[in-house]
Amino acid sequence: MIRRYILNNLIALDQLGNVLLGGNNPDETISSAVGRRAIRGKRWARWAEQAIDALFVLLGSKPGHCQRMIEWEEYNAR
């Protein structure tokens, strides 16, 4: 129960960070926003994606974190 509470708060902070960095969707995380922009060819996003993905690999996640976090159906519904 406490783990879920902590995870929910970390996700909320991540979404807040995205909005503070200029993100248009308040329900989107930084990873998702970076992943989408990297796919679209933004140079800064490709660099940021590599850095974020490397961090998550160090934390035990599979490679490709940013692009896995994209919720296309939610983003396209806007």
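**Notebook: a five-helix chain**

Entry 1: helix 3. I began with helix 3, residues 43-58, which has 16 residues and reaches 23 Å from its first C-alpha to its last, close to the 22 Å expected at 1.5 Å a residue. That expected span is 1.5 Å times one less than the number of residues in the helix. I took helices (H or I, at least four residues) and strands (E, at least two) as DSSP runs, numbered from the N terminus.

I note that this is a predicted model, in which local features need pLDDT of at least 70 and side-chain atom pairs count only at pLDDT 80 or more, while totals for chains, interfaces and linings use all residues. Residues are numbered from 1 along each chain as its sequence is written, and side-chain values use heavy atoms, with hydrogens and water left out.

I then looked up which residues of helix 3 are buried, and found A45, A48, E49, I52 and D53. Seen down the axis of helix 3, these buried residues fall within an arc of 135 degrees, so they line one face of the helix. Buried here means under 20% relative accessible area, exposed over 50%, and partly exposed in between, with a 1.4 Å probe and protein chains only. The arc is that of the directions from the helix axis to the C-beta atoms.

On the face turned away from the buried side of helix 3, I found the exposed residues R43, W47, Q50 and L58. The cover over the buried residues of helix 3 includes helix 2 (30-39) and helix 4 (65-68). After helix 3 comes G60, with a positive phi near 105 degrees.

Entry 2: the whole chain. I counted 5 helices and 0 strands in the protein chain, and its pattern along the sequence is α-α-α-α-α. For 78 residues, a compact globule would have a radius of gyration near 12 Å, and the 13 Å of the protein chain agrees. This radius is taken over C-alpha atoms, and the globule rule is 2.2 Å times the number of residues to the power 0.38. Along the principal axes, the C-alpha atoms fill a box of roughly 40 × 30 × 25 Å.

I recorded that 28% of the 78 residues count as buried. The chain exposes about 5,800 Å², of which carbon and sulfur atoms supply 61%; accessible areas come from the Shrake-Rupley method with a 1.4 Å probe, and for residues only the protein chains shown count as cover. Among contacts (heavy atoms within 4.5 Å) with a separation of 6 or more, 40% join residues 24 or more positions apart.

Entry 3: S31. I located S31 in helix 2. Is S31 buried or exposed? S31 is buried, with a relative accessible area of 5%. Its side chain makes a polar contact with the side chain of H65 at 3.0 Å. A polar contact is a pair of N or O atoms within 3.5 Å; within protein, one must be able to donate a hydrogen and the other to accept it, and residues adjacent in sequence count only if both atoms are side-chain atoms. Neighbours within four places in sequence aside, S31 is in contact with I52, F56, H65, C66 and M69. I52 also appears among the buried residues of helix 3.

Entry 4: helix 1. I read helix 1 as residues 2-20, 19 residues that reach 27 Å from first C-alpha to last, close to the expected 27 Å. Q15, G17 and N18 are buried in helix 1. Down the axis of helix 1, its buried residues fall within an arc of 155 degrees, so they line one face of the helix. These buried residues pack against helix 2, while the face turned away from them carries the exposed residues I2, Y5, L13 and L20. Just after helix 1, G22 takes a positive phi of about 100 degrees.

I looked more closely at N18, which has 5% relative accessibility. A polar atom of its side chain lies 3.3 Å from the backbone oxygen of N25. Leaving aside neighbours within four places in sequence, N18 is in contact with G23, N25, E28, T29, I30 and A33.

Entry 5: I70. I placed I70 in the loop between helix 4 and helix 5 (72-76). I70 is buried, at 9% relative accessible area. Not counting residues up to four places away in sequence, I70 touches S32, G35, R36 and I39. From I70 to R37, I noted 33 residues in sequence and 11 Å in space, C-alpha to C-alpha.
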